[in-house]
Amino acid sequence: MRFLSLVGNSFGCSASGERLVSAARDGDFQEAKALLEYNPRLAKYSTFGGRNSPLHHSAAQGHHEIVSLLIESGVDIDLRNHRGQTALMQACQYGHWEVMLTLVLFKANIHKKDDLNGGTALHLAALNGHSRCIRILLADHIPSIADFYKLIKKRSRRVDGFVPRSNEGNSLYEIINRPADGGLTALHMAALNGHVDSLHLLLDLGAAVNKVTVEDGTTIDLIGAGSTPLHYAAYGGNPQCCQILIARGANIYARNTKGWSPLAVARSWHRDWLEEILSTPPQDRVTTLLSPYLCRPLISVVKIARECGWSGEPPQNSSDPCAVCLENKCTVAASGTAK
């Protein structure tokens, strides 16, 4: 009888867990809330083989209310699925910045690497062109010192991807230029897929414009090791990405281990429209404006939210653009009293 009771409980937990997974995936907040009130331990449930937990499903689908509910129920915020991915990675992959803002507020680890190609949440955000996600990921690491962006611009003209002399900015530099398997950086990935805004933002924050890939890891590299982001932009075929990289100091004559220059890469994949851009050396570096995603101090928004609490109610009588998306009226507000 005791054995049957244990088996029955096991099946009961499994059934409830699957219901929670379905609720998390479908965005059924009331169902998820009822299940977690009945058994808070369900927050830690994962499907057979650890494929995906309720947290992973809700993050991937953009259900930030359920993500918050699961966090409040004690879920491991950095839980990995069968691919080694965290909920933060999945939110970045699909561009759900509301979800990832919640995860970042509760100190989700942005440094975790997946088991597929050693990529981080930043790599996934850059690969898919989610600039808002990049900005939120790096909010805690942007030094709050005067003229920081001018300092980046000034030093990056001297060397490729500077490392600040003081500790200010070292963490930011390391995170942005952290390689996945094969030496691929977030800048390589943004350049490959032609994500102009993300590429622009990464450069504004100090991404190394001439960082090269290596012969290592599981990444299949058709271009060849020793390739710069400009090689990848040439393969991707986006003229604006190529122009911005060259303006920021990318070497148009750099050759990878196959002996290919960015122009040779463009010719190999018939990107004829890039011929002039990649063959003409710039006489004067084009001065590009800072990315629009840098114009508001998000770091202060995140700090206020952590210290004073977070609510889903918009501030009253506010016509300012949202500090996160910079487009719509703000729909998220910090509540409470600052000390």
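Contact here means heavy atoms within 4.5 Å. Helices are DSSP runs of H or I, at least four residues, and strands are runs of E, at least two, numbered from the N terminus. This is a predicted model, where local features need pLDDT of at least 70, side-chain atom pairs count only at pLDDT 80 or more, and totals for chains, interfaces and linings use all residues. Residues are numbered from 1 along each chain as its sequence is written, and side-chain values use heavy atoms, with hydrogens and water left out.

Let me start with helix H5. H5 spans residues 87–94, and 6 of its 8 residues are buried. Buried means under 20% relative accessible area, exposed over 50%, and partly exposed in between, using a 1.4 Å probe on protein chains only. Which residues of H5 are buried? Ala87, Leu88, Met89, Gln90, Ala91 and Cys92. Their cover includes helices H3 (54–61), H6 (97–105), H7 (121–127) and H8 (131–137). Right after H5 comes Gly95, with a positive phi near 75 degrees.

Next, the cysteines. A disulfide is a pair of cysteine sulfur atoms within 2.5 Å. The structure holds 0 of them. For Cys92, the nearest cysteine sulfur belongs to Cys133, 4.9 Å away. Cys92 itself has a relative accessible area of 0%. Cys241 is also at 0% relative accessibility, so it counts as buried. Its closest cysteine sulfur, in Cys242, is 7.0 Å off, too far for a bond.

Now charges. A salt bridge is a side-chain nitrogen of Lys or Arg within 4 Å of a carboxyl oxygen of Asp or Glu. How many does the whole structure hold? The search finds 4. One of them pairs Arg19 with Glu31, at 2.9 Å, N to O. Arg19 sits in H1 (residues 2–26) and Glu31 in H2 (residues 29–38), so this pair ties together parts 12 residues apart in sequence. Arg19 is partly exposed at 45%, and Glu31 is partly exposed at 23%.

Arg25 bridges to Asp26, with the closest N and O atoms 3.8 Å apart. Arg25 is partly exposed at 34%; Asp26 is exposed at 56%. Arg267 and Glu275 also meet, at 2.4 Å, N to O. Arg267 is partly exposed at 48%, and Glu275 is partly exposed at 30%.

Last, the record. An unreviewed UniProt entry lists "repeat: ANK" at several places, including 182–214 and 225–257. Those positions use the numbering used here, feature names are shortened, and annotations may be inferred rather than shown by experiment. Residues 182–214 are 48% helix and 0% strand, with end C-alpha atoms 5 Å apart. Residues 225–257 are 52% helix and 0% strand, with end C-alpha atoms 6 Å apart.
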